[in-house]
Amino acid sequence: MKKIMILAGVFAATMVQAQQRMTPEILWQLGRVSAETVTPDGKSVIYGVSYPNVQENNSERNLYAIPVSGGQPTQLTSSKGGESVVHIDKATGNIVYLHKGQLWQLAGGKGEPKQLTSVEGGLSNVRFSPDENTYCFPAKWK
């Protein structure tokens, strides 16, 4: 019984020493996870992870995919800046996302992204039509 108490004491002391106090600096090192969408086939979840950079006063956000059934995540984007999913083509699995105010396409969720738009002033709040052939976005007119 005495050995168990000593081991429990050593274990508790080790656990107390191993824990760090939660500080803003430690929180900034953690990624902020945000859900984006589920793929049309229902097999994967697309999500974003943001990492703030206090020195530069901005954050880096990349997109990832993980199988719904479990497994390892796959990083989809790595461009500087933030990305957000706008649409996933049901037939091809192509992912269309917004990056720096422009639409980009990632063919089948893999490979090099292709820039689809070059709209002055950038895009926001982009929506695709139900037939997936057109998209709309708000714009300011002079």
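Here's a quick briefing on a few loop residues and aromatic ring pairs in this structure. Keep in mind that the model is predicted. One loop residue to look at is aspartate 89, which is buried but has no salt bridge. There are also two loop residues with positive phi, lysine 100 and glutamate 132. On the aromatic side, the count comes to three pairs.

**A buried acid in a loop**

- Aspartate 89 sits in the loop that runs between strand 5 (83–88) and strand 6 (95–99).
- Its surroundings don't offer a salt bridge: aspartate 89 is buried, and the nearest side chain of opposite charge, that of lysine 90, is 9.1 Å away.
- Leaving out residues up to four places away in sequence, aspartate 89 touches Pro40, Asn94 and Glu132.

**Loop residues with positive phi**

- Most residues other than glycine have a negative phi, so a positive one is worth a look.
- Glutamate 132, one of the residues that aspartate 89 touches, has a phi near 65°.
- You'll find glutamate 132 in the loop between strand 9 (127–128) and strand 10 (135–136).
- Lysine 100 isn't glycine either, and its phi is positive too, near 50°.
- The spot for lysine 100 is the loop between strand 6 and strand 7 (102–106).
- With a relative accessible area of 62%, lysine 100 is exposed.

**Aromatic pairs: the two tyrosines**

- A pair of aromatic rings is described by two things, the distance of the centres and the angle of the planes.
- Of the three aromatic pairs, one is formed by tyrosine 47 and tyrosine 64, whose ring centres are 5.6 Å apart.
- The planes of those two rings are at 15°, so this pair counts as stacked, given that the cut-off for stacking is under 30 degrees.
- Tyrosine 47 belongs to strand 2 (residues 44–53) and tyrosine 64 to strand 3 (residues 58–67), so their pairing ties together parts that are 17 residues apart in sequence.
- Both tyrosine 47 and tyrosine 64 are buried.

**Aromatic pairs: the cluster**

- Phenylalanine 128 and tyrosine 135 also pair up, with ring centres 5.6 Å apart.
- Here the planes are at 40°, so the pair of phenylalanine 128 and tyrosine 135 is tilted.
- Phenylalanine 128 is partly exposed, at 24% relative accessibility.
- Tyrosine 135 is partly exposed as well, with a relative accessible area of 36%.
- Ring pairs bring Phe137 into the picture too, linking Phe128, Tyr135 and Phe137 into a cluster.

Definitions and conventions:
Residues numbered from 1 in each chain as written. Predicted model: local features only at pLDDT ≥ 70, side-chain atom pairs only at ≥ 80, totals over all residues. Heavy atoms only, no water. Helix = DSSP H or I, 4+ residues; strand = E, 2+ residues; numbered from the N terminus. Buried < 20%, exposed > 50% of the residue type's maximum accessible area, 1.4 Å probe, protein only. Lys, Arg positive; Asp, Glu negative; His and termini not counted. Salt bridge = Lys/Arg side-chain N within 4 Å of Asp/Glu carboxyl O. Contact = heavy atoms within 4.5 Å. Phe/Tyr/Trp six-rings, centres within 6.5 Å; stacked < 30°, edge-to-face > 60°.
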